[in-house]
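Let's take a walk through this fold, from the overall layout down to single side chains. Keep the structure open as you read.

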Amino acid sequence: MTKAKPFIKWVGGKSQLIEQLDALLPADFDNWDNATYIEPFVGGGAMLFYMLQRYPNIHHAIINDINPDLTICYHTIRDFPELLIESLQYIENTYLALQTEEERKEFFMTARKRYNEKISTRLRIRHFFSFSTEHVLMAYIE
């Protein structure tokens with residue numbers, strides 16, 4: 001099985017602290033039944049993904065973050081994965097079809113402007129967030 005990993009790089013992420021944080025868990029944590037993992041500062045989700053893969057006894061996860069756009073990303077991934085994949089494929093194809101770097105830059109700048117105006121839908125926010133943090137895809141859908 002492929003391991004889930006954070007979908008964005010996050011400043012202040014816990015990736016490099018995972019072993020230290022894991023060592024702070026109760027010794028018998030993996031024996032707890034029906035555990036719930038609560039992550040108040042999910043960020044890129046490194047600790048979340050680690051915990052869910054390392055401890056199959058975690059049956060529920062509650063995540064939060066102060067950044068509302070980031071929480072919208074997680075909600076979109078959870079609630080609309082098929083629509084998200086279709087949208088990202090459309091955006092990728094549109095972006096890659098642009099012939100020049102100038103056209104691509106304009107595409108990106110238009111998406112960024114719409115995002116910053118906060119007139120975007122949840123999917124637009126997710127798309128731009130993905131592109132601007134990973135430089136993979138563009139986030140503008142009509």
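Helices and strands here are DSSP runs, numbered from the N terminus, with at least four residues for a helix (H or I) and at least two for a strand (E). With that in hand, Asn34 can be placed: it sits in the loop between helix 1 and strand 1. Bear in mind that this is a predicted model.

Now for the overall layout. The protein chain has six helices and two strands, and starting at the N terminus the order of elements is α-β-α-β-α-α-α-α. Of its 142 residues, 37% count as buried. The chain exposes about 9,400 Å², and 57% of that comes from carbon and sulfur atoms. If you look at contacts in the chain with a separation of 6 or more, 66% of them are between residues 24 or more positions apart.

Let's start inside. In soluble globular proteins, nonpolar side chains tend to be buried together. Here the largest nonpolar core has 17 residues, and Phe7, Phe29, Tyr37, Met51, Ile58, Leu70 and Tyr74 are the ones with the most contacts inside it. Strand 1 (35–39), helix 2 (46–54) and helix 3 (68–79) each put at least two residues into this core. Helix 2 is the top contributor, giving five residues.

Phe29 is a good residue to zoom in on. Is it buried or exposed? Its relative accessibility is 7%, and since buried means under 20%, Phe29 counts as buried. Leaving out residues up to four places away in sequence, Phe29 touches Ala35, Met51, Tyr55, Asn57 and Ile58.

One of those neighbours brings us to the aromatic rings. How many aromatic pairs does a search of the whole structure find? There are three. Among them is the pair of Phe29 and Tyr55, which is edge-to-face, with 5.0 Å centre to centre and 80 degrees between the planes. Phe29 lies in the loop between helix 1 (18–23) and strand 1, while Tyr55 lies in the loop between helix 2 and strand 2 (58–63), so the pair ties together parts that are 26 residues apart in sequence. Tyr55 counts as buried too, at 5% relative accessibility. Add Trp32 to Phe29 and Tyr55 and you have one aromatic cluster.

Back to Asn34 for a moment, in that loop between helix 1 and strand 1. What stands out is its backbone: Asn34 has a positive phi of about 50 degrees, although it is not a glycine. At 45% relative accessibility, Asn34 counts as partly exposed.

Next, follow strand 2, where you'll find both Ile58 and Ile62. Ile58 is buried, with a relative accessible area of 9%. Setting aside neighbours within four places in sequence, Ile58 is in contact with Phe29, Ala35, Tyr37, Met51 and Leu52. Take Tyr37: Ile58 and Tyr37 are 21 residues apart in sequence, with their C-alpha atoms 6.5 Å apart in space. Ile62, on the other hand, counts as partly exposed, at 46% relative accessibility. Ile62 touches Thr36, Tyr37, Ile38 and Glu39, not counting residues up to four places away in sequence. Ile62 and Val42 are 20 residues apart in sequence, and 9.5 Å separate them from C-alpha to C-alpha.

Then come two helices worth turning end-on. Helix 4 (residues 81–97) has 17 residues and reaches 24 Å from its first C-alpha to its last, close to the 24 Å expected at 1.5 Å a residue. Its buried residues are Leu84, Ser87, Leu88, Ile91 and Tyr95. Down the axis of helix 4, these buried residues fall within an arc of 100 degrees, so they line one face of the helix. The face turned away from that buried side carries the exposed residues Glu82, Glu86 and Asn93.

Helix 5 (residues 101–116) can be read likewise. At 1.5 Å a residue, its 16 residues should span 22 Å, and its end C-alpha atoms are indeed 22 Å apart. Which residues of helix 5 are buried? They are Arg104, Phe107, Phe108, Ala111 and Tyr115. These cover an arc of only 90 degrees around the axis, which puts them on the same side of helix 5. Glu102, Lys113 and Asn116 are exposed, on the face of helix 5 turned away from its buried side.

Methods
Residues are numbered from 1 along each chain as its sequence is written. This is a predicted model: local features need pLDDT of at least 70, side-chain atom pairs count only at pLDDT 80 or more; totals for chains, interfaces and linings use all residues. Side-chain values use heavy atoms; hydrogens and water are left out. The expected span of a helix is 1.5 Å times one less than its number of residues. Buried means under 20% relative accessible area, exposed over 50%, partly exposed in between (1.4 Å probe, protein chains only). The arc is that of the directions from the helix axis to the C-beta atoms. A nonpolar core is a set of buried Ala, Val, Leu, Ile, Met, Phe, Trp, Tyr and Cys residues joined through side-chain atoms within 4.5 Å. Contact means heavy atoms within 4.5 Å. Accessible areas come from the Shrake-Rupley method with a 1.4 Å probe; for residues, only the protein chains shown count as cover. Rings of Phe, Tyr and Trp (its six-membered ring) pair if their centres lie within 6.5 Å; planes under 30 degrees apart count as stacked, over 60 as edge-to-face and the rest as tilted.
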